[in-house]
Amino acid sequence: MPLRLPPLSSLRFFEAAGRHLSFKLAAAELNVTPSAVSHGIVGLEQALGVELFVREPRRLSLTPEGADYLPYVAEALSLIAIGTQRLPHHRGRRAITVSCAPTFASRWLLPRLHRFGERWPTIAVTVDTSRRQVGFPVDGFDFAIRMSRAAAAGAAWTRLFGERLVPVCSPDYRRRLAGESGAVDLRRAALIHVIPASEDWQAWLERTGTEGADLGGGLRVDTIQMAFEAAAAGLGVALGRRPLVGQDLAADTLVEAGLPEIEAETAYWLVGAEGAERRPDLLGFRRWLLGEIEASEPAAPGRGAARARRNG
């Protein structure tokens, strides 16, 4: 006996509303009215015999049953979309979705992305800079670019390049705090910390043997981009990360603080779902990305280090 399934449209309404916890935002995403979303979900609840949402005047939340049902529906819809895209003669506009950190996106990926568009003009690219974990294939992403010390199990990992950590500040800040050697005296300096960074001032101080800096003070921000901007504004010394800091050093908005530069233990990795090589557009994006890294050497340290690793 065939399985009886709820209407696909109602499931789409439920998944979007459950993800946003808003009928209005779900309607905007699906290009329908909030009333259509609400009526569709009511019909779904009647068909299932359970309430999926708790509706309050200013708040929408999932019931325990709705919270349990949502991941199944989200995974099923994602698999349908991915399977459709992978059909060899699918006529829809092809798209590639990439998840990466905002500073990497704005300073490295986006300035180069036009060259991918010139080579693959029929392929749309979506860049997502949210910090949420990406699950392949259910989240609908084709690639993620992540910082890691090594490849992890469960997906195809390709090492892109490493970073070099160099303390940087504004030219005026260096003039005010430089000692006889010309280097900034970190005992007098405010350190600018990047909260989510896996390697920051603690790692730099330990590996260089520098003592006397105040790790408890200074400014704390949540992106590398903001740290660079704070340093350029004269708020302290940030850890510059080559190659991302290269444009600031070239423009003299930031200068090296005259302190040691070290190789980061982490590197950027391209992470993709298993089987991505079966899609020519994804294979083309991967080859283009690695070609851009080769062309940007020696700005990106680790020439020739790009390599694929499979795990699991």
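**Figure 1. Overview of the predicted model.** How many helices and how many strands are there in the protein? There are ten helices and twelve strands. The model is predicted. Of its 312 residues, 43% count as buried. Take the contacts between residues at least 6 apart in sequence: 74% of them join residues at least 24 apart.

**Figure 2. Helix H1 against helix H2.** Two packed helices are described by the angle between their axes and the distance between the axes. H1 spans residues 8–20, and H2 spans residues 23–30. Their axes come within 8 Å and cross at roughly 125°. H1 is therefore oblique to H2. The crossing of H1 past H2 is right-handed. On the H1 side, the contact is made by Arg12, Phe13, Ala16, Ala17, Arg19 and His20. On the H2 side, Phe23, Leu25, Ala26, Glu29 and Leu30 take part. By class, this contact of H1 with H2 has seven nonpolar, one polar and three charged residues.

**Figure 3. Helix H1 against helix H3.** Here the partner of H1 is H3, residues 34–48. The axes of H1 and H3 come within 8 Å and cross at roughly 110°. H1 is therefore roughly perpendicular to H3. H1 passes H3 in a left-handed crossing. H1 brings Ser10, Leu11, Phe13, Phe14 and Ala17 to the contact. H3 brings Ala36, Val37, Gly40, Ile41 and Leu44. The residues of the contact of H1 with H3 divide into eight nonpolar, two polar and no charged.

**Figure 4. Serine 10 in helix H1.** Serine 10 sits in H1. Is serine 10 buried or exposed? Serine 10 counts as buried, because its relative accessibility is 10%, and the cut-off for buried is under 20%. Leaving aside neighbours within four places in sequence, serine 10 is in contact with Gly40 and Leu44. Both Gly40 and Leu44 belong to the H3 side of the contact with H1.

**Figure 5. Two loops with positive phi.** Most residues other than glycine have a negative phi. Leucine 21 is not a glycine, yet its phi is positive, about 55°. Leucine 21 lies in the loop between H1 and H2. With 38% relative accessibility, leucine 21 counts as partly exposed. Asparagine 31, also not a glycine, has a positive phi of about 60°. Asparagine 31 is found in the loop between H2 and H3. Asparagine 31 is exposed, with a relative accessible area of 72%.

**Figure 6. The largest nonpolar core.** This core has 37 residues. Which residues have the most contacts inside it? They are Phe104, Ile145, Leu160, Phe285 and Leu289. Several strands each supply at least two residues of the core: S3 (95–99), S5 (143–148), S6 (156–169), S7 (191–194) and S11 (262–272). Helices H5 (102–119), H8 (224–232) and H10 (280–296) each do so too. Another core lies apart from this one. That other core has 19 residues, among them Leu191, Ala213, Val237 and Ile262.

**Figure 7. Isoleucine 145 and serine 148.** Residues up to four places away in sequence are not counted here as contacts of isoleucine 145 or of serine 148. Isoleucine 145 touches Val98, Ser99, Cys100, Ala101 and Phe104. Isoleucine 145 also touches Leu160, Tyr268, Trp269, Leu270 and Leu289. Serine 148 is found in strand S5. At 17% relative accessibility, serine 148 counts as buried. Serine 148 touches Trp157, Thr266, Ala267 and Trp269.

**Figure 8. Helix H7 and its cover.** H7 covers residues 201–208. Which residues of H7 are buried? Trp201, Ala203, Trp204 and Leu205 are buried. What covers these buried residues includes S6, S7, S9 (237–242) and S11. Glycine 209 follows H7. The phi of glycine 209 is positive, near 70°.

**Figure 9. A cis peptide bond after strand S9.** Most peptide bonds are trans. The bond that joins arginine 242 and proline 243 is cis. Its omega is about 10°. Where does proline 243 lie? Proline 243 lies in the loop between S9 and helix H9 (246–251).

Technical notes:
Residues are numbered from 1 along each chain as its sequence is written. This is a predicted model: local features need pLDDT of at least 70, side-chain atom pairs count only at pLDDT 80 or more; totals for chains, interfaces and linings use all residues. Side-chain values use heavy atoms; hydrogens and water are left out. Axes are lines fitted to C-alpha atoms, for helices over the stretch in contact, and angles run from 0 to 180 degrees between N-to-C directions. Helices (H or I, at least four residues) and strands (E, at least two) are DSSP runs, numbered from the N terminus. Angles under 35 degrees count as roughly parallel, over 145 as roughly antiparallel, 65 to 115 as roughly perpendicular and the rest as oblique. A crossing is left-handed if the near helix is turned anticlockwise from the far one by less than a right angle, and right-handed if clockwise. Contact means heavy atoms within 4.5 Å. Ala, Val, Leu, Ile, Met, Phe, Trp, Tyr, Cys and Pro count as nonpolar, Asp, Glu, Lys and Arg as charged, and the others, Gly among them, as polar. A nonpolar core is a set of buried Ala, Val, Leu, Ile, Met, Phe, Trp, Tyr and Cys residues joined through side-chain atoms within 4.5 Å. Buried means under 20% relative accessible area, exposed over 50%, partly exposed in between (1.4 Å probe, protein chains only).
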